[in-house]
Amino acid sequence: MRTSPASRDTTAAALAVEDLSVHYGGVCAVRSISFTVEPGASVGIIGANGAGKTSTLKALMGLVPRSGGRVTLGGHDLTRVRARDMVRHGIGYVPEGRHVFPGLSVEKNLLLGAYARRWDDKTRATLDEVHELFPVLREMSGRPAGALSGGQQQMLAIGRALMTGPRLLLLDEPSMGLSPKLVGFILDTLRRLREEGLSLLLVEQNAKLTFGATTHCLVMENGSVAITGTSEELGRDARVRQIYLGL
């Protein structure tokens with residue numbers, strides 16, 4: 001987890017998406033989009049409900065069928081890799097709605113994140129790093145995950161994804177249902193992970209959080225990428241501010 005940029009393969013983009021499309025029956029949810037996430041960078045995807053943001057993340061993880069396009073990570077073609085094998089290739093996933101296992105303890109939820117890894121000193125160090133990032137998870141390690149608050153469950157979902165030892169972390173609506181204070185904590189956490197060299201791809205309704213947590217951003221509209229740029233640029237863009245921020 002949180003490998004330094006110097007130890008990563010920087011000869012190719014951490015993630016390269018080319019002409020990705022997703023259809024649900026006769027409905028096109030994602031229309032031939034292309035983008036990259038460079039090693040150690042953080043990219044946000046914003047847009048209205050139904051714009052295709054979540055479908056994009058699920059297609060990258062292989063959770064919904066891709067009707068076209070190519071996905072590579074560090075130069076390795078993952079287009080036909082099954083969802084259950086994605087973590088072995090370095091992609092961690094934090095789903096919308098957290099989806100922790102409520103009847104299992106916090107500790108067991110975290111250890112499930114390491115199912116594809118050997119239990120060795122490196123994996124133990126990852127668990128220590130997750131506890132350092134989210135001390136409450138250590139304090140509540142024996143409690144059932146279903147007894148945690150929404151914010152604590154979000155920390156658990158992020159911690160579980162970090163236990164996979166990812167090079168790239170995908171996050172779908174991590175601020176959903178959280179108080180402003182906890183949204184701020186999640187923002188600080190994502191900034192810290194980015195500073196420590198982890199590549200991030202973030203889907204969010206909260207555009208202000210996205211601009212604060214990322215270096216670059218895509219604005220999706222009707223399944224297509226409508227606007228791209230640095231997060232700082234888009235935060236000042238009049239069209240983005242009017243349509244997506246209501247300013």
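Q: How much of the protein counts as buried, and what makes a residue buried?
A: Of its 247 residues, 51% get that label. Buried means a relative accessible area under 20%, exposed means over 50%, and partly exposed covers what is in between, using a 1.4 Å probe and protein chains only. Keep in mind that this is a predicted model, where local features need pLDDT of at least 70, side-chain atom pairs count only at pLDDT 80 or more, and totals for chains, interfaces and linings use all residues. Residues are numbered from 1 along each chain as its sequence is written, and side-chain values use heavy atoms, with hydrogens and water left out.

Q: How do you know whether the protein is as compact as a globular protein of its length?
A: First, the parts: the secondary structure comes to nine helices and ten strands. Helices (H or I, at least four residues) and strands (E, at least two) are DSSP runs, numbered from the N terminus. Now the radius of gyration, which is taken over C-alpha atoms and set against a globule rule of 2.2 Å times the number of residues to the power 0.38. The protein comes out at 17 Å, close to the 18 Å that the rule gives for 247 residues, so it is as compact as a globular protein of that length. If you like to picture a box, the C-alpha atoms fill one of roughly 45 × 40 × 40 Å along the principal axes.

Q: What share of the contacts with a separation of 6 or more joins residues 24 or more positions apart?
A: That share is 68%. A contact here means heavy atoms within 4.5 Å.

Q: Why is Leu209 called buried?
A: Its relative accessible area is 3%, so Leu209 falls on the buried side of the cut-off. Leu209 sits in helix α7 (residues 207-213). Not counting residues up to four places away in sequence, Leu209 touches Ser175, Val183, Leu187, Leu202 and Glu204. Take Leu187: Leu209 is 22 residues from it along the chain, yet their C-alpha atoms are separated by 6.5 Å.

Q: What makes Arg88 exposed?
A: Arg88 has a relative accessible area of 54%, so it passes the mark for exposed. You'll find Arg88 in the loop between β5 (76-77) and β6. Once neighbours within four places in sequence are set aside, Arg88 is in contact with Tyr115 and Ala116. The C-alpha atoms of Arg88 and Leu200 are 17 Å apart, with their positions 112 residues apart along the chain.

Q: How do you know that α5 is mostly covered?
A: Twelve of its 13 residues are buried. Among them are Met155, Leu156, Ile158 and Leu162. The cover over the buried residues of α5 includes β6 (91-94), α2 (106-112), α3 (121-133), α4 (135-139), β7 (168-172) and α6 (180-195).

Q: What span is expected for α5, and how far does the helix reach?
A: The expected span of a helix is 1.5 Å times one less than its number of residues. For α5 (residues 150-162) that gives 18 Å, and the helix reaches 18 Å from its first C-alpha to its last.

Q: What makes helix α1 mostly covered, and why is its residue Met61 called buried?
A: In α1 (residues 53-61), seven of the nine residues are buried, including Lys53, Leu57 and Met61. Met61 has a relative accessible area of 5%, so it counts as buried. Apart from neighbours within four places in sequence, Met61 contacts Ala83, Met86, Ile91, Tyr93 and Leu170. Right after α1 comes Gly62, with a positive phi near 80°.

Q: What makes the phi of Ser32 worth a look?
A: Most residues other than glycine have a negative phi. Ser32 is not a glycine, but its phi is positive, about 50°. This residue belongs to strand β2 (residues 27-37). At 41% relative accessibility, Ser32 counts as partly exposed.

Q: Where is Asn222, and why is it called exposed?
A: Asn222 lies in the loop between β9 (216-221) and β10 (224-230). Its relative accessible area is 61%, so Asn222 counts as exposed. Asn222 also has a positive phi, near 55°, in a residue other than glycine.
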